[in-house]
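This report looks at how the parts of a protein chain meet and at what surrounds its ligand. Please keep the sequence and the model in view while reading.

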Amino acid sequence: MTPTITAFERSPDGGRGLARDMQVRWALEEVGQPYDVRLVSFTAMKQPGHLALNPFGSIPTYEEGDLALFESGAIVLHIAVRHAGLLPDDANARARAVAWMFAAYSTVEPPILERATAVILEHDAPWRDERLPLVDDRIRKRLAELSRHLGSDCDWLDGAFSAGDLVMVGVLRRLQRSGLLNEFPNVAAYVARGEARPAFKRAFEAQLAVAMAASNS
Ligand code: GTB
């Protein structure tokens with residue numbers, strides 16, 4: 001059965017692939033699973049039809065037969081469990097790949113989201129200029145830890161590319177315009193390796209086509 005995911009009708013990122021449908025698209029492309037996309041407006045996301053799929057009124061969602069899922073991490077994990085290619089066969093390696101998914105969303109991402117809030121939503125707030133350097137230092141701490149873990153030899157976080165890398169690269173991509181990634185060349189190279197994967201490129205092009213169509217309408 002072909003799953004259907006939801007994505008922004010008009011992504012505020014204008015096609016940079018930063019909204020979280022990108023992680024789901026990428027996972028589906030990695031495992032070779034075709035999918036349909038239902039585009040939703042900000043208004044539609046808050047209507048009962050979408051809230052029945054995601055109580056928080058956000059994208060992405062995932063529907064497959066009688067299964068409806070929300071939370072990009074849960075969706076990527078579901079895809080990785082159902083298909084070969086995103087989780088190792090060895091049980092311990094599999095558990096570590098899942099740990100990296102959690103690390104991406106619950107350890108690495110929080111200060112990155114704080115930065116987005118400071119830059120976008122608190123742009124005019126009087127505390128913004130004091131707060132941003134503090135947030136950047138919290139991000140640097142995580143990037144330094146990742147940098148030490150990757151060292152000079154590791155292409156991926158734990159052996160072969162996994163769902164852990166997919167989620168981590170997705171989280172780190174939000175830093176691309178901040179300049180912070182470039183302070184850690186091996187982490188920047190890690191993100192570039194993720195973006196160079198053919199499955200990433202297919203997913204990126206698909207979401208870009210939506211943004212282009214929206215900008216022409
Ligand atoms: N924890 C959830 C998950 O991982 O699925 C978070 C879902 C979420 O935040 N969805 C966002 C959304 O639907 C889109 S991805 N927001 C609309 C709403 O809640 O009303 C977050 C996002 C949005 C925009 C950019 N951007 O413009 O750069 C980047 C990321």
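In this predicted model, nine residue pairs, with both partners at pLDDT 80 or more, are found in polar contact across the interface of domain 1 and domain 2. On the side of domain 1 that touches domain 2, the elements that give two or more residues are helix H1 (21–31), helix H4 (72–82) and helix H9 (198–216). Of these, H4 gives the most, with six residues. By character, the residues on this side of domain 1 divide into 11 nonpolar, five polar and four charged.

**The two domains**

The domain assignment of the protein chain places residues 4–85 together with 199–216 in domain 1, and residues 91–197 in domain 2. The contact between them draws on 20 residues from domain 1 and 20 residues from domain 2, while the C-alpha centres of the two domains lie 21 Å apart. About 1700 Å² is buried between domain 1 and domain 2, and 58% of this area is on carbon and sulfur atoms.

**Salt bridges**

The structure holds 18 salt bridges, and two salt bridges are counted between domain 1 and domain 2. Arg 197 forms a salt bridge with Glu 30, in which the closest N and O atoms are 2.7 Å apart. Another salt bridge joins the side chains of Arg 115 and Asp 136, with an N to O distance of 2.6 Å. Because Arg 115 lies in helix H5 (residues 91–121) and Asp 136 in helix H6 (residues 128–150), this pair ties together parts that are 21 residues apart in sequence.

**The ligand surroundings**

The ligand is surrounded by 16 residues, of which the closest are Arg 20, Lys 46, Ile 59, Glu 71 and Ser 72. Polar atoms of the protein that lie beside oxygen atoms of the ligand include those in the table, which gives for each residue the atom involved and its distance from a ligand oxygen atom.

| Residue | Atom in the residue | Distance to a ligand oxygen atom |
|---|---|---|
| Asp 13 | backbone N or O atom | 3.2 Å |
| Lys 46 | side-chain N or O atom | 2.7 Å |
| Ser 72 | polar side-chain atom | 2.7 Å |

Lys 46 and Ser 72, which are among the closest residues to the ligand, thus appear here through their side chains, whereas Asp 13 appears through a backbone atom.

Key. Residues numbered from 1 in each chain as written. Predicted model: local features only at pLDDT ≥ 70, side-chain atom pairs only at ≥ 80, totals over all residues. Heavy atoms only, no water. Domains from an automatic or database assignment. Contact = heavy atoms within 4.5 Å. Buried area = accessible area lost by both parts, 1.4 Å probe. Salt bridge = Lys/Arg side-chain N within 4 Å of Asp/Glu carboxyl O. Polar contact = N/O pair within 3.5 Å; in protein donor to acceptor, adjacent residues only side chain to side chain. Helix = DSSP H or I, 4+ residues; strand = E, 2+ residues; numbered from the N terminus. Nonpolar A, V, L, I, M, F, W, Y, C, P; charged D, E, K, R; others polar. Near = heavy atom within 4 Å.
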